[in-house]
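Got your viewer open? Then let's take a walk through this protein, one selection at a time.

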Amino acid sequence: MRRAYAPPPCPGVSVLMPTYEQPEFIARALDSLCAQTYGEWELVIVDASPGGATARAVQPWLVDPRVHYERIAEGGLGRALNQALTRARAPLVAYLPSDDKCTGPSTWPG
């Protein structure tokens, strides 16, 4: 039986993922983060894309309470990154571009 992951009240790391028109890559980025051995993270995705393709691509990961998604009016990646930073709750911040991936298991924050 698979147990649901219950995140701590305040995560150890806030992973910021601003995105703009990257729905074809975002699944790889999300899978790579979820595969990390350190689980006390939150992911703040801020989507500045004009269409709904990214929202549809992210939908399967929203069942994880550590994953937060927000769509903003277009303003580019800089605006999306700034918005993600305002939502970060952890004392440490990491940046994961939506077209990149985490490599290897991580033992953040140590």
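Start by selecting Glu21. Is Glu21 buried, partly exposed or exposed? With a relative accessibility of 39%, Glu21 counts as partly exposed. You'll find Glu21 in the loop that links strand 1 and helix 1. Now check the backbone there: phi of Glu21 is near 55°, which is a positive value in a residue that isn't glycine. That's worth a look, because most residues other than glycine have a negative phi. Keep in mind as you go that this is a predicted model.

Next, zoom out and colour by secondary structure. How many helices and strands does the protein have? There are three helices and four strands. Follow the chain along the sequence and you'll read the pattern β-α-β-α-β-α-β. The protein has 110 residues, and 41% of them count as buried.

Now pick strand 2, residues 41–47. Seven of its seven residues are buried, so strand 2 is largely enclosed by the rest of the structure. Try looking at one face and then the other. On one side sit Trp41, Leu43, Ile45 and Asp47, and on the other Glu42, Val44 and Val46; every one of these is buried, so both faces are covered.

Keep strand 2 on screen and add its partners. Strand 1 runs parallel to strand 2, and seven bridges join the two. For one spot to click on, Thr19 stands opposite Asp47 in strand 2. To get from strand 1 to strand 2 the chain passes through helix 1, and this β-α-β crossover is right-handed.

What about strand 3, residues 67–71? Strand 3 pairs with strand 2 in the parallel sense too, over five bridges. Here you can click on Leu43, which stands opposite Val67 in strand 3. Strand 2, helix 2 and strand 3 together make a right-handed β-α-β unit.

While you're here, select Trp41 and Arg66 and show their side chains. Arg66 has its charged end over the ring of Trp41, 3.9 Å from the ring's centre. If you go hunting for aromatic pairs, the count comes to zero.

Time to look inside. Which residues touch the most other members of the largest nonpolar core? They are Val15, Met17, Leu30, Leu43 and Ile45, in a core of 18 residues. Strand 1 (13–19), helix 1 (23–34), strand 2 (41–47) and helix 2 (53–58) each give two or more residues to this core. Helix 1 gives the most, with four residues. Apart from this core lies another one, made of seven residues, including Val44, Val46, Ile72 and Ala84.

Last stop: the cysteines. Select Cys102, Cys34 and Cys10. How many disulfides does the structure hold? Zero. A disulfide is a covalent bond between the sulfur atoms of two cysteines. So why doesn't Cys102 form one? The closest cysteine sulfur to that of Cys102 belongs to Cys34, and it is 9.4 Å away, too far for a bond; the cut-off used here is within 2.5 Å. Cys102 has 17% relative accessibility, so Cys102 counts as buried. Cys10, at 42%, counts as partly exposed.

Terms used
Residues numbered from 1 in each chain as written. Predicted model: local features only at pLDDT ≥ 70, side-chain atom pairs only at ≥ 80, totals over all residues. Heavy atoms only, no water. Core = buried A, V, L, I, M, F, W, Y, C linked by side-chain atoms within 4.5 Å. Buried < 20%, exposed > 50% of the residue type's maximum accessible area, 1.4 Å probe, protein only. Pairing = 2+ DSSP bridges. Right-handed = clockwise from strand over helix to strand, strands pointing away. Phe/Tyr/Trp six-rings, centres within 6.5 Å; stacked < 30°, edge-to-face > 60°. Lys NZ or Arg CZ within 6 Å of the ring centre and 35° of its normal.
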